[in-house]
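User: Could you take a close look at one part of this model for me, the salt bridges? I'd like to know which charged side chains pair up and how covered they are, and then whatever else you can tell me about the surface.

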Amino acid sequence: AWRDVGFARNLSLYYASRRRDVRSLEKEYEARRRHGLDVELLSKDRVREDYGFDAPAALLSTQAARVDPYRLTHRLLQRLQKQGTSIFDRTRIADITATSRGATLRTDTGFEVRASHLVVAAGYASQHWLTPRVARNRSSYAVISDPMSAEELGFFADTMLWETARPYLYARSTSDRRLLLGGEDDAVDIPVKRDARVEKKAHTLLKRLHGLFPGLAITPAFSWAGTFAETEDGLPFFGPHPQWGPRVHFAMAYGGNGITYSVLGAGLLRALIERRRHRLWPLFSFQRLER
């Protein structure tokens, strides 16, 4: 089921970047405990003793996991193809016509695809199909190391690290024992300009990690940047938009919790198409923009 996608269950260590963040971290702890999540609040001394760096407090959660998103996407597409789904790569949709009964898509090479329901799930590019701006694009940066030994990785072998500051630094290991660092998000929305910043941003990420762990030796192998979208309230949008009518649904898992939102959104969109009620519909629909 999870073959060849780099999946592994992890611990998650979420630390307070500054002393003034401790209160919000305590509130987060209380909220997670209230909802039955297995989480522990660590003191400054515990963080130093167990993890070897300085932070005023941290949350340790046992319910986290890592995955290689590229490999997972390919495995899911392969499984769908085996079940009879047609998949068309490198195919650009040039035009969409929607009615109350369905939607017709035209490709840039002149082909037509007809559907009773259309789900637009194109990441940040989904905004191309909406006239009103519902989110803003931002850029994020990452750098990954050469493979490391278990001894060199230390607690990173089974624990991911991130912080309360925004934008936050994060670090986790991969299935081939590399250390992946990310963050340094900014408001750049021009690909050429974004890509020109990669080397400097990677250097900053490595410097920040070195500030936490001076003894951790990392040999960087690759660095890159990517674009993501953020809504004003941090929540995603799922379902139809008035611009297109009831048969065109949007899957916009924006807001920084994309995997979690996507799982919730899949259930919500299926319920809408099957004409069933879903309790998250008022929270995640475009209707909240009117309130």
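Analyst: There are 23 salt bridges in this structure, and keep in mind that the model is a predicted one. As a bit of background, side chains of opposite charge can pair when their charged atoms come close.

Let's start with Asp186 and Lys201. Their salt bridge has its closest N and O atoms 3.2 Å apart. Asp186 sits in strand S11 (residues 179-186) and Lys201 in helix H6 (residues 198-212), so this pair ties together parts that are 15 residues apart in sequence. As for cover, both Asp186 and Lys201 are buried.

Next comes a group of linked partners. Asp95, Arg106, Glu112 and Arg114 are joined into one network by salt bridges that share partners. Within that group, Glu112 pairs with Arg114, and here the closest N and O atoms are 2.9 Å apart. How covered are these two? Arg114 counts as exposed because its relative accessibility is 66%, and the cut-off for that label is over 50%. Glu112, at 39% relative accessibility, counts as partly exposed.

Then there's Arg23 with Glu30, whose side chains meet in a salt bridge at 4.0 Å, N to O. Arg23 is partly exposed, with a relative accessible area of 44%. Glu30 gets the label partly exposed too, at 38% relative accessibility.

Charged residues also turn up around a pocket. The second largest pocket holds about 170 Å³ of space. If you want to find it, look for a lining made of Arg133, Val134, Ala135, Arg136, Glu230, Thr231, Glu232, Asp233, Phe237, Arg288 and Leu289. Sorted by type, the lining residues come out as six charged, four nonpolar and one polar.

Now for a nonpolar bit of the surface. Leu77, Leu80 and Ile87 form a nonpolar patch there, and together they have about 210 Å² of accessible area. Leu77 belongs to helix H3, which covers residues 69-82. Why can Leu77 be part of a patch? Its relative accessible area is 35%, and patches take residues with over 30%, so Leu77 passes that cut-off. By the exposure labels, Leu77 is partly exposed.

To go back to your pairs: Asp186 and Lys201 are both buried, Arg114 is exposed, and Glu112, Arg23 and Glu30 are partly exposed.

Technical notes. Residues numbered from 1 in each chain as written. Predicted model: local features only at pLDDT ≥ 70, side-chain atom pairs only at ≥ 80, totals over all residues. Heavy atoms only, no water. Patch = residues over 30% accessible without salt bridge, like charges linked within 9 Å, V, L, I, M, F, W, Y side chains within 5 Å. Areas by Shrake-Rupley, 256 points an atom, 1.4 Å probe, with all protein chains shown as cover. Helix = DSSP H or I, 4+ residues; strand = E, 2+ residues; numbered from the N terminus. Buried < 20%, exposed > 50% of the residue type's maximum accessible area, 1.4 Å probe, protein only. 1 Å grid on protein atoms, 1.4 Å probe; cavity = no way out; pocket = protein on both sides within 12 Å on 5 of 7 lines; lining within 4 Å. Points joined across faces, edges and corners; volume = space filled by probe spheres on them. Nonpolar A, V, L, I, M, F, W, Y, C, P; charged D, E, K, R; others polar.
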